Amino acid sequence: MKEVNPQTTTRAYAFEMWMNAPMPMVTFFKTLDVSNLVKISRKKRLKFNMLMCYCIGMAASKIKEFYMLPVNGKLMQFDTIAVNTIVANSVGEVSSCDLPFNDDLQLFSNDYLRLTQQVAQSSIDHDLSHQSMVIGTSALAQYEIDGAVGMYSGIFCNPFMIWGKYKRAWFKTSLTVSFQFHHTQMDGAHASKFLEYIQNEIDKIE
């Protein structure tokens, strides 16, 4: 992680406009067709949440804005990204687990299983925020929700995705997601492209 001069980046105007805005977060909603992920999850015995996190990481890795993030009033640039997941821990609460993104699905799955188990047992968060740009996620997989808007604390500016239980209808399985992002980091076009890329990754994963 290193500080960059916003004026030397494509985010110069956005930094001036939104860095000190009282509410700089924007939330998009999109319904994804996750039929292929459900099929792969069952066929390969892979966790659905892991596959979602992988597709999110794959999509984000193709958009340069995901490698920058406003932190404490500065624009920081990262070499790597990570995907966060929330884990039920051994004391009946939840802990946070940052997963280093790897475009090799098997390696990412191995890290997912190892790190989530480690966090679940220890109840200690696994934090990569000082070395990677972290995309937060929260999967409320047991509940049917139509959407959620994340809270902006004024401290954390990371992009964040929330989803609930997927829904089956005939031969299609759909999942509504919300995506919250800081306007300094990206514009609506970048966020829309990111959500499209997630769908593309879901459709082509084997």
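Here are five short exercises with worked solutions on this predicted model.

**Exercise 1. Helix 2 and its buried side**

Task: Find which residues of helix 2 are buried, and what they pack against.

Solution:
- Start with helix 2, which spans residues 35-44. Its buried residues are Asn36, Leu37, Val38, Ile40 and Ser41.
- Now look for their neighbours. The buried residues of helix 2 pack against helix 3, strand 10 and helix 5 (188-204).
- A general point helps when you look at such a pattern: an α-helix has 3.6 residues a turn, so residues three or four places apart point the same way.

**Exercise 2. Helix 2 against helix 3**

Task: Describe how helix 2 and helix 3 cross, and name the residues that meet.

Solution:
- Take the axes to begin with. Those of helix 2 and helix 3 come within 9 Å and cross at roughly 130 degrees.
- Next, classify the angle. Angles over 145 degrees would count as roughly antiparallel and 65 to 115 as roughly perpendicular; helix 2 and helix 3 are therefore oblique to each other.
- The handedness of this crossing is right-handed.
- Then list the contacts. From helix 2, Leu37, Val38, Ile40 and Ser41 meet Phe48, Leu51, Met52 and Cys55 of helix 3. The residues of this contact divide into 7 nonpolar, 1 polar and no charged.

**Exercise 3. Helix 3 against helix 4**

Task: Work out the packing of helix 3 (48-60) with helix 4 (residues 105-122).

Solution:
- The two helices pack at an angle of about 125 degrees, and their axes are 10 Å apart. That angle makes helix 3 oblique to helix 4.
- Helix 3 passes helix 4 in a right-handed crossing.
- On the helix 3 side you will find Asn49, Met50, Leu51, Cys53 and Tyr54, which meet Leu105, Phe108, Ser109 and Tyr112 in helix 4. Here the residues divide into 7 nonpolar, 2 polar and no charged.
- Leu51 is worth a second look: this residue meets helix 4 and is also among the helix 3 residues that meet helix 2.

**Exercise 4. A sheet and its edges**

Task: Find the order of the 3 strands in the open sheet and say which ones stand at the edges.

Solution:
- The order is 1-4-3, and the pairing is antiparallel.
- Strand 1 (2-4) and strand 3 (68-71) each have a single partner strand, so they stand at the edges, with one side of each left without a neighbour in the sheet.
- Neighbouring strands of this sheet are turned by 45 degrees against each other on average, direction ignored.
- Zoom in on one pair: strand 1 is joined to strand 4 (residues 74-77) by 3 bridges. Within this pair, lysine 2 has glutamine 77 as its bridge partner.

**Exercise 5. Three loop residues**

Task: Decide whether arginine 45, tryptophan 170 and glutamate 93 are buried or exposed.

Solution:
- Recall the cut-off: exposed means over 50% relative accessible area.
- Arginine 45 sits in the loop between helix 2 and helix 3. Its relative accessibility is 79%, so arginine 45 is exposed. Its phi is near 55 degrees, a positive value in a residue other than glycine.
- Tryptophan 170 belongs to the loop between strand 9 (167-169) and strand 10 (172-182). Its relative accessible area is 85%, so tryptophan 170 is exposed. Phi of tryptophan 170 is positive too, near 55 degrees.
- Glutamate 93 is in the loop between strand 5 (81-88) and strand 6 (94-100). With 52% relative accessibility, glutamate 93 counts as exposed. Leaving out residues up to four places away in sequence, glutamate 93 touches Val87 and Ala88.

Conventions: Residues numbered from 1 in each chain as written. Predicted model: local features only at pLDDT ≥ 70, side-chain atom pairs only at ≥ 80, totals over all residues. Heavy atoms only, no water. Helix = DSSP H or I, 4+ residues; strand = E, 2+ residues; numbered from the N terminus. Buried < 20%, exposed > 50% of the residue type's maximum accessible area, 1.4 Å probe, protein only. Pairing = 2+ DSSP bridges. Axes fitted to C-alpha atoms, helices over the stretch in contact; angles between N-to-C directions. Parallel < 35°, antiparallel > 145°, perpendicular 65-115°, else oblique. Left-handed = near helix turned anticlockwise from the far one by under 90°. Contact = heavy atoms within 4.5 Å. Nonpolar A, V, L, I, M, F, W, Y, C, P; charged D, E, K, R; others polar.
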